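Please open the structure in your viewer and keep the sequence beside it, since this tour moves from one selection to the next.

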Amino acid sequence: MSDSEHAPHAGSAAAALADRDVAKLRLWLRILDASNLVQRELRGRLREEFDVTLPRFDLMAALDRAGDRGMTMGQLSRRLRVSNGNVTAVVDRLVKEGAVVRRSPPNDRRTHLIALTDEGRAQFVEMAAAHLGWIDALFADLSAEETAQLMSLMEKARGSLRRHAQESEEKDK
């Protein structure tokens, strides 16, 4: 194809933006594409090797990090950035399978703490080891130095995003 075939059509959004620097837009699209590729790969491997969904794995990972103290449904919902309804559905299945328990703290019987059982922790440890291997393989083409560099740049980008979000929230008040 010639360059003229790739040129934006007059009146298109691409034509209107042609004079603007779109490097950061391209960066966002690459980040999104990379994230989607990783998630698709992880979803497939979790399903194939463990018959588990990515949301279930993520919930078990959050509970593993919380340790024996567990987490409330609200904490899980905020940590996973999903609705309480989504968390409830996954937790209900895990309770049925014996991978997690619900318990009420003695001082507040309205609240339920969710924690991994020994069986659930053993399942998660096996999945987490496989998950780590998959991530290592997916990013095998990056050297340790490149990984550190990319981590540093992503942390800087995340800081920028958080500042922008905070400024937006303050304007909305």
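Helices and strands here are runs assigned by DSSP and numbered from the N terminus, a helix having at least four residues and a strand at least two. With those names in hand, keep in mind throughout that what you have on screen is a predicted model.

**The whole chain**

Begin by selecting the protein chain and colouring it by helix and strand, which should show you eight helices and three strands. If you follow the chain along its sequence, the elements come in the pattern α-α-α-α-β-α-α-β-β-α-α. Of the 173 residues in the chain, 23% are buried. Among contacts between residues at least 6 apart in sequence, 48% join residues at least 24 apart.

**The largest pocket**

Next, select Ile31, Ser35, Gln39, Met154 and Arg158, which lie nearest the centre of the largest pocket, a space lined by 43 residues. The elements that each give two or more residues to this lining are α3 (23-50), α4 (54-66), α5 (73-80), α6 (84-97), α7 (118-138) and α8 (144-172). Which of the elements gives the most to the lining of the largest pocket? That is α3, with twelve residues. The pocket holds about 2,200 Å³ of space, and colouring its lining by residue type divides the residues into 26 nonpolar, six polar and eleven charged.

**The sheet**

Now select the three strands, which form an open sheet in the order β1-β3-β2 with antiparallel pairing. Because β1 (71-72) and β2 (100-103) stand at the edges and each has a single partner strand, one side of each is left without a neighbour in the sheet. In general, the strands of a sheet pair through backbone hydrogen bonds, in either a parallel or an antiparallel way. Zoom in on β2 and β3 (residues 113-116), which run antiparallel and are joined by four bridges, and find Val101, which stands opposite Ala115 in β3.

Add α6 to the selection, and you will see this helix packing on the sheet, where it touches β2 and β3 and its direction makes about 110° with that of β2. Then add α4, which lies across β1, β2 and β3 and runs at about 95° to β3.

**Two residues and their contacts**

Move on to Thr117, placed in the loop between β3 and α7. Is Thr117 buried or exposed? Its relative accessibility is 16%, and since buried means under 20%, Thr117 counts as buried. Leaving aside neighbours within four places in sequence, Thr117 is in contact with Gly98, Ala99, Val100 and Val101.

Then select Leu138, which lies in helix α7 and is partly exposed, with a relative accessible area of 35%. Again leaving aside neighbours within four places in sequence, Leu138 is in contact with Val38 and Glu41. If you draw a distance from C-alpha to C-alpha, Leu138 and Val38 are 7.6 Å apart in space, although they are 100 residues apart in sequence.

**Two loop residues with positive phi**

Finish in the loops, starting with Asp51, which lies in the loop between α3 and α4 and counts as exposed at 59% relative accessibility. The phi angle of Asp51 is near 55°, a positive value in a residue other than glycine. The last stop is Arg81, in the loop between α5 and α6, which is exposed with a relative accessible area of 75%. Here phi is near 60°, and Arg81, too, is a residue other than glycine with a positive value.

Definitions and conventions
Residues are numbered from 1 along each chain as its sequence is written. This is a predicted model: local features need pLDDT of at least 70, side-chain atom pairs count only at pLDDT 80 or more; totals for chains, interfaces and linings use all residues. Side-chain values use heavy atoms; hydrogens and water are left out. On a 1 Å grid over the protein atoms alone, a cavity is a set of points where a 1.4 Å probe fits but cannot get out, and a pocket is an open set with protein on both sides within 12 Å along at least five of seven lines; lining residues have an atom within 4 Å of a point. Grid points are joined across faces, edges and corners, and a volume is the space filled by probe spheres set on the points. Ala, Val, Leu, Ile, Met, Phe, Trp, Tyr, Cys and Pro count as nonpolar, Asp, Glu, Lys and Arg as charged, and the others, Gly among them, as polar. Two strands pair if DSSP finds at least two bridges between them. Contact means heavy atoms within 4.5 Å. Axes are lines fitted to C-alpha atoms, for helices over the stretch in contact, and angles run from 0 to 180 degrees between N-to-C directions. Buried means under 20% relative accessible area, exposed over 50%, partly exposed in between (1.4 Å probe, protein chains only).
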